[in-house]
Amino acid sequence: MTARIPGRVSAARWVRRAVVGAVLITLLVVGGTAARVWHVARLDDRSPADVIVVLGAAQYNGKPSEVFRARLVHAKQLYDTGVAKYVVTGGGSAEGDSFTEAEAGARWLVERGVPREHTIAVGEGRDTLGTLHAVADEVHRRGLSTVVLVSDPWHSLRSRTMAEDVGLDAWSSPTHSGPIVQTRETQAKYIFRETGALLFYRISKRPADDIGGTGLG
C-alpha cells in the first residue's frame with residue numbers, strides 16, 4: 001500500500017476547493033444576473049421624460065417587423081398619454097435596405113397620428129450600443145437628457161445599462177406584446193440569451209447583440 005504524501009493531499013484538496021468555489025461564484029453571478037433581467041423586464045416606468053426612445057428591430061422595405069411594430073404600438077400609447085413630447089426611433093439599415101429602421105419606425109408613427117415634428121429618426125447604429133450612442137448625441141444636441149426606453153422586456157436591463165453608460169438618464173417601459181413574449185419557452189430563451197449578453201457587455205463593453213438576440217435583430 002502506497003503511503004499518501006501530506007503535501008500532495010493538501011494541494012489537491014485546495015485545488016478541488018478552488019474549482020468548486022469558482023463554479024459556485026459563476027453560478028451565483030449568472031443566476032443573479034438572470035434574476036435581475038427578469039425583474040427589470042417586469043417594470044413599467046411611465047414617469048414623464050424628455051423623449052420616448054424606441055429601439056429598432058427588423059424592417060422590410062419600410063414596413064416594421066412584428067417585433068418592431070409591437071414596440072412602436074407601445075411607444076405611441078406612451079406618447080398619447082403624455083409621457084413625453086417627442087418619440088425617437090433608432091436603428092440603422094442592413095446592406096441593400098432602402099430604409100433605416102429609424103425611418104420605418106418614424107413613418108409608422110406619423111401614419112398613425114403622431115405629428116411629424118414630434119418624431120426624431122436617428123438612423124445610425126447596427127446594434128443596441130451603436131444606436132444608443134447616436135441617440136444620446138441627438139438628444140443631448142437638443143438640450144434634452146431623460147428618456148423612456150421602449151424595447152422587449154428581456155432587453156430592458158441591458159439597454160438601460162448601455163443608455164446610462166452613454167450619458168442618458170434612462171428608465172424602461174417595455175412592450176408586453178409581440179412574438180418575443182408569447183410563450184414561456186420563448187421568454188426563457190430570451191432571458192438566458194440576454195443574461196449572457198449583459199455579462200459579456202459588462203466585461204468587454206462591446207454590444208453583444210449577437211448573443212442577446214433581442215436588440216436590433
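1. Threonine 100 makes contacts beyond its sequence neighbours. In this predicted model, and with neighbours within four places in sequence left aside, threonine 100 is in contact with Gln59, Gly91, Gly92, Ser93 and Gly123. The residue sits in the loop between strand 4 and helix 3. Its relative accessibility is 12%, and threonine 100 therefore counts as buried, the cut-off being under 20%.

2. Helix 3 is packed against helix 2. The axes of helix 2 and helix 3 lie 10 Å apart, and the angle between these helices is about 50 degrees. The two helices are therefore oblique to each other, since an angle of this kind is neither under 35 degrees nor within the 65 to 115 range counted as roughly perpendicular. Their crossing is right-handed.

3. The residues at this packing can be named on both sides. Helix 2 contributes Phe68, Arg69, Leu72, Val73 and Lys76, which meet Glu101, Gly105, Trp108 and Leu109 of helix 3. Among the helix 2 residues named here, Phe68, Leu72 and Lys76 are buried.

4. Helix 2 itself deserves a separate remark. With 15 residues, helix 2 reaches 21 Å from its first C-alpha to its last, close to the 21 Å expected at 1.5 Å a residue. Just after this helix, glycine 82 takes a positive phi of about 85 degrees.

5. Which residues of helix 2 are buried? They are Val67, Phe68, Ala70, Arg71, Leu72, His74, Ala75, Lys76, Leu78 and Tyr79. The list includes Arg71, His74 and Lys76 alongside residues such as Val67 and Leu78. The buried residues of helix 2 pack against strand 1, strand 3 (63-64), strand 4 (86-90), helix 3 and strand 6.

6. The largest nonpolar core has 28 residues, of which Ile52 and Val87 touch the most other members. At least two residues of this core are supplied by each of helix 1 (6-41), strand 1 (51-54), helix 2 (66-80), helix 3 (101-111), strand 6 (146-150) and helix 6 (184-204). Helix 2 provides the largest share of this core, namely six residues.

7. The surroundings of isoleucine 52 may be described further. Apart from neighbours within four places in sequence, isoleucine 52 is in contact with Ala75, Leu78, Tyr79, Val83, Ala84, Tyr86, Val87, Val88, Val148 and Val150. Of these partners, Ala75, Leu78 and Tyr79 are among the buried residues of helix 2.

8. A second core should also be noted. This core is separate, contains 21 residues, and includes Leu129, Ala136, Ala163 and Ala170.

Definitions and conventions: Residues numbered from 1 in each chain as written. Predicted model: local features only at pLDDT ≥ 70, side-chain atom pairs only at ≥ 80, totals over all residues. Heavy atoms only, no water. Core = buried A, V, L, I, M, F, W, Y, C linked by side-chain atoms within 4.5 Å. Buried < 20%, exposed > 50% of the residue type's maximum accessible area, 1.4 Å probe, protein only. Helix = DSSP H or I, 4+ residues; strand = E, 2+ residues; numbered from the N terminus. Contact = heavy atoms within 4.5 Å. Expected span 1.5 Å × (residues − 1). Axes fitted to C-alpha atoms, helices over the stretch in contact; angles between N-to-C directions. Parallel < 35°, antiparallel > 145°, perpendicular 65-115°, else oblique. Left-handed = near helix turned anticlockwise from the far one by under 90°.
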